[in-house]
Amino acid sequence: MEIAVIMLLTALTAVAAHLGKAVFHDGIRPILPEYLEGRMKRSELASISFGLSIGFIVSVGLSFAVSFELLNPWLLFLPTDILGVMATRWWIAAALGGAWGLVALFGLTGVQAAFTLLPIDLLGALGELSTPVLVAFTAFPIIAILYQFGWVKASISGLIALVVRQLLPVVGGVYTDKAEMNVEQASQLTGISFAKDAEFAEKIDALKAGAGQNQQVLDLISQAANNYSLGTTISSFTMQVAVLMLIGMILLVSFAIIKDLKNKGDIVINSEEENIFDARTKRIYKGIPLLAGIGALLAMAANLGLMTGSEVSGPILQQAWDATGQEQRELLQSAAIADIIRGISFIPLIVTTAIATGVYGVVGLTFVFPIGYLLPNPVLAGIVGAVWICLEIVALRGIGRFLQRYPSLRESSDNIRSSMNSMIELALFIGGAFAAMKMAPDAVGLSLTIYILLYAANEGLGRPIMKLAAGPVAIILTGIILNLLYVLHLV
């Protein structure tokens, strides 16, 4: 199933690019109408697509795939953009796209297998990238408020976020205290006693064994389990991250809408521009069956744990798929919230370019990925993913009109992307330092020196590797260098 999903996905995205229905790269979307309307040759379009995409494929796509052990849109869909516009027939595009999916899937598996054979653990250390990224998520809505509305509103928003952050463990503690009271009542009824250091799960198991058919005890056990689960969920680190992100986003959107409502009389809507947008949107409608198929496969790939939707959710998903039970559910919820917020920030860019060019994005508004993370199985994820893409396309014009009436929201989206990139860059740099220390705990100075020199070299050379990918690339190279030094008995 995994092989079929990825091959079909890359085949369909290549066909979508070939037909001019959808591409992944935002820079290619405005150029496609030049070819579709006969003002550009296919060879020229293919050359431009390659030039715009190759840097992202190597730096972001490849480095993130290795770092987070998951396929990603840059690695899968930037090449299918190129292959699709290069192919002279739709079936050639499908064959080339499917072949690329197979190469990407097995190539990543091969790299992971090779890294596990290294004497110094590289893959395990790369897991250290995730914690700083999780922490950074809590800050980027506040930074966006700072960019757009100044330090006063940003300070107030930050204070509100801190208060909520401190209250969550308190609220969670109320429920865990209730759980302990339930356990105490049940232990009195059954006459079972526990050691002082007994785990909650041990107490529940002992009570279940001694409850027999006593319905009162069974009810208390059930209440204890529910209260404990609720309490630990509310006070957990991932819940704190998710709630703080949501609070920041709510405040940012509220400030933007209030500003636009105050300036409502100054907002002018161009009716001629709207007519052009309506005509271009109809072109996207004709591609709904193909795009629905892509949406279904995207949601299935996310549900199967094969790919991440963004650089934001990648580190969280890496942890999630290594976890089980409640911890995994919480991490998947955090990844979904992270991608939803990222998707919100890209709505103005994707919607405005789509209705202006008649070319959609192969991942839509990116919300199919959270659908895949959260649904219980790939079949259901596929169905909902297909329906969701259709709803997005139908709603395009409505979203476009809404954004015309609230220009501050469009500005907020730009600020979210800027703040998100800044915080992720910083978090990945810090996470790379953590990974370097974990790789060589007996030679921390050496590993950190190599890592920082590689990172600094990229800066000094004018960033041939974009800053977002510089941390992951530097730490992967650090791991390879450390392993070479180990083989040479120099470390």
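Student: Which residues do ring pairs link into a cluster?
Tutor: Glad you started there, and keep in mind that this is a predicted model. Ring pairs join several Phe residues and one Trp into a cluster. Its members are Phe24, Phe64, Phe68, Trp74 and Phe77.

Student: How many aromatic pairs are there by this rule, with ring centres within 6.5 Å?
Tutor: Ring centres must lie within 6.5 Å for a pair to count. By that rule, the count of aromatic pairs is 11.

Student: Is the pair of Phe402 and Tyr406 stacked or tilted?
Tutor: A pair of aromatic rings is described by the distance of the centres and the angle of the planes. Here the centres of Phe402 and Tyr406 are 4.8 Å apart, with 35 degrees between the planes. Planes under 30 degrees apart count as stacked and those over 60 as edge-to-face, so the pair of Phe402 and Tyr406 is tilted.

Student: What about Phe429 and Tyr451: which helices does that aromatic pair link?
Tutor: These two rings are stacked, at 5.8 Å centre to centre and 25 degrees between the planes. Phe429 is partly exposed at 27% relative accessible area, whereas Tyr451 is buried at 0%. The pair links distant parts of the chain, 22 residues apart: Phe429 sits in helix H20 (residues 407-439) and Tyr451 in helix H21 (residues 444-460).

Student: Which helix gives the largest share of the largest nonpolar core?
Tutor: Let's begin with the core itself, which has 117 residues; Leu71, Phe77, Phe137, Leu298, Met307 and Tyr360 touch the most other members. The largest share of this core, 13 residues, comes from helix H16 (residues 325-357).

Student: How many residues does the second, separate core have?
Tutor: Ala179, Val183, Ile204 and Ala211 are included in this second core. Its total is 11 residues.

Student: Is Arg29, which forms a salt bridge with Asp26, buried or exposed?
Tutor: The closest N and O atoms of Arg29 and Asp26 are 3.0 Å apart. Asp26 is partly exposed, with a relative accessible area of 29%. For Arg29 the value is 1%, and buried means under 20%, so Arg29 is buried.

Student: How far apart in sequence are the parts that the pair of Lys203 and Glu180 ties together?
Tutor: Lys203 and Glu180 form a salt bridge with their closest N and O atoms 3.4 Å apart. Lys203 lies in helix H10 (residues 200-211) and Glu180 in helix H9 (residues 151-190), so the pair ties together parts that are 23 residues apart.

Student: Which residues do salt bridges that share partners join into one network?
Tutor: A good place to enter it is the salt bridge between Arg39 and Glu34, at 3.1 Å from N to O. Arg39 is exposed at 52% relative accessibility, while Glu34 is partly exposed at 29%. The network consists of Glu34, Glu37, Arg39 and Arg283.

Student: What is the accessible area of the nonpolar patch that includes Ile383?
Tutor: Ile383 is in helix H18 (residues 378-394) and is exposed, with a relative accessible area of 51%. On the surface, Val379, Leu380, Ile383, Val384, Val387, Trp388 and Leu391 form the patch. Together they have an accessible area of about 580 Å².

Student: How far apart are the end C-alpha atoms of helix H22?
Tutor: Helix H22 has 21 residues (467-487), so at 1.5 Å a residue it should span 30 Å. The model agrees with this expectation, as the end C-alpha atoms are 31 Å apart.

Terms used:
Residues are numbered from 1 along each chain as its sequence is written. This is a predicted model: local features need pLDDT of at least 70, side-chain atom pairs count only at pLDDT 80 or more; totals for chains, interfaces and linings use all residues. Side-chain values use heavy atoms; hydrogens and water are left out. Helices (H or I, at least four residues) and strands (E, at least two) are DSSP runs, numbered from the N terminus. The expected span of a helix is 1.5 Å times one less than its number of residues. Patches are made of residues with over 30% relative accessible area and no salt bridge: like charges are joined within 9 Å, nonpolar side chains (Val, Leu, Ile, Met, Phe, Trp, Tyr) within 5 Å. Accessible areas come from the Shrake-Rupley method with a 1.4 Å probe; for residues, only the protein chains shown count as cover. A salt bridge is a side-chain nitrogen of Lys or Arg within 4 Å of a carboxyl oxygen of Asp or Glu. Buried means under 20% relative accessible area, exposed over 50%, partly exposed in between (1.4 Å probe, protein chains only). A nonpolar core is a set of buried Ala, Val, Leu, Ile, Met, Phe, Trp, Tyr and Cys residues joined through side-chain atoms within 4.5 Å. Rings of Phe, Tyr and Trp (its six-membered ring) pair if their centres lie within 6.5 Å; planes under 30 degrees apart count as stacked, over 60 as edge-to-face and the rest as tilted.
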